[in-house]
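Reader: I should like a close look at the ligand site of this structure. Please describe the surroundings of the ligand and its polar contacts, and then place the site against the annotated domains.

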Amino acid sequence: MATGDVKLLGAGASPYVNRVQIALNIKSENYEFLEEKLGSKSELLLKSNPIHKKIPVLIHDDKPICESLVIVQYIDDVWTSGPSILPSDPYDRAIARFWAAYVDDKWYPLMKELWMAEGEEARAAAIEKIGEGLVVLEEAFVKCSKGKAFFGGDSIGFLDIAFGSFLGWLKVTEKMGEMQLLSEAKTPNLVEWAERFCCDDAVKDVFPKTEKLIEIFKIMQARAKAPPSN
Ligand SMILES: N[C@@H](CCC(=O)N[C@@H](CS)C(=O)NCC(=O)O)C(=O)O
């Protein structure tokens with residue numbers, strides 16, 4: 001059983017930070033949460049993640065580890081006595097990593113595109129692409145889960161964490177835009193999976209309430225759209 005001093009530098013509203021919280025919960029590992037304030041960066045963050053200057057950073061026995069999915073894999077490597085997060089089969093591991101990269105590099109950026117879209121045409125185009133991406137992920141779910149509850153099988157695994165961490169922000173986007181992105185008609189398996197994921201013991205207390213996320217969303221959107229000061 002790995003122990004040591006575990007600190008997580010983050011903010012509760014960050015889906016990337018949520019990934020690390022979920023992984024630590026899966027391993028039943030206690031940690032100290034060091035909250036970064038929205039819009040500012042602590043000295044500890046700048047020192048611990050000088051390359052990207054982003055949260056999350058896991059500090060394990062004074063050693064910083066950056067990038068959420070790198071951290072999740074580190075947690076799985078170190079706390080081996082808890083349930084496994086990555087699949088044991090090398091091919092399944094590769095596939096889980098492939099889809100996690102798809103979610104980060106291709107799918108989630110479309111949500112940002114939607115948030116920043118100006119005009120109906122741009123909005124509709126972004127919504128369409130998000131929907132197409134969800135259909136692709138629905139197909140991936142059917143293949144990866146092999147009829148089980150999660151991408152990772154009977155319990156939450158790497159890809160569940162990578163994709164599931166964005167469900168809070170997906171809900172915010174749906175509420176703000178008065179629309180449905182994840183739909184029973186097009187992605188029935190993902191709808192059920194999302195329900196299961198959000199109710200899981202490792203997840204249910206991690207995401208802030210949707211209303212709180214909406215407040216943060218409005219602040220961030222106003223900042224992103226504001227002309228640069230100076
Ligand atoms: N690829 C990074 C993304 C982390 C990220 O974008 N974190 C945001 C918070 S949600 C951040 O720190 N933003 C501050 C900034 O961009 O300066 C990861 O997976 O950890």
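Author: What follows is an account of the ligand site, and then of the two annotated spans of the chain. The model is a predicted one, and the values below are computed from it.

The ligand occupies the space of the largest pocket. Around the ligand stand Ser14, Tyr16, Lys41, Lys54, Ile55, Pro56, Glu67 and Ser68. By residue class, this shell comprises 3 nonpolar, 2 polar and 3 charged residues.

Three polar approaches may be described individually. In the side chain of Lys41, an N or O atom is 2.4 Å from an oxygen atom of the ligand. Ser68 also presents its side chain, a polar atom of which lies 2.6 Å from an oxygen atom of the ligand. At Ile55 the backbone takes part: one of its polar atoms is 2.8 Å from a nitrogen atom of the ligand. As for cover, the ligand taken alone exposes 510 Å², and the protein buries 67% of that area.

The wider setting comes from the UniProt record, an unreviewed entry. It places the feature "domain: GST N-terminal" at residues 4–83. Over that span the chain is 36% helix and 21% strand, with its end C-alpha atoms 19 Å apart. The same record places "domain: GST C-terminal" at residues 89–228. There the chain is 71% helix and 0% strand, and the end C-alpha atoms lie 49 Å apart. The shell residues, among them Ser14, Lys41 and Ser68, carry numbers that fall within the span 4–83.

Notes:
Residues numbered from 1 in each chain as written. Predicted model: local features only at pLDDT ≥ 70, side-chain atom pairs only at ≥ 80, totals over all residues. Heavy atoms only, no water. Near = heavy atom within 4 Å. Polar contact = N/O pair within 3.5 Å; in protein donor to acceptor, adjacent residues only side chain to side chain. Areas by Shrake-Rupley, 256 points an atom, 1.4 Å probe, with all protein chains shown as cover. 1 Å grid on protein atoms, 1.4 Å probe; cavity = no way out; pocket = protein on both sides within 12 Å on 5 of 7 lines; lining within 4 Å. Sits in = over half its atoms within 2 Å of the grid points. Nonpolar A, V, L, I, M, F, W, Y, C, P; charged D, E, K, R; others polar. UniProt positions renumbered as here; feature names shortened; annotations may be inferred. Helix = DSSP H or I, 4+ residues; strand = E, 2+ residues; numbered from the N terminus.
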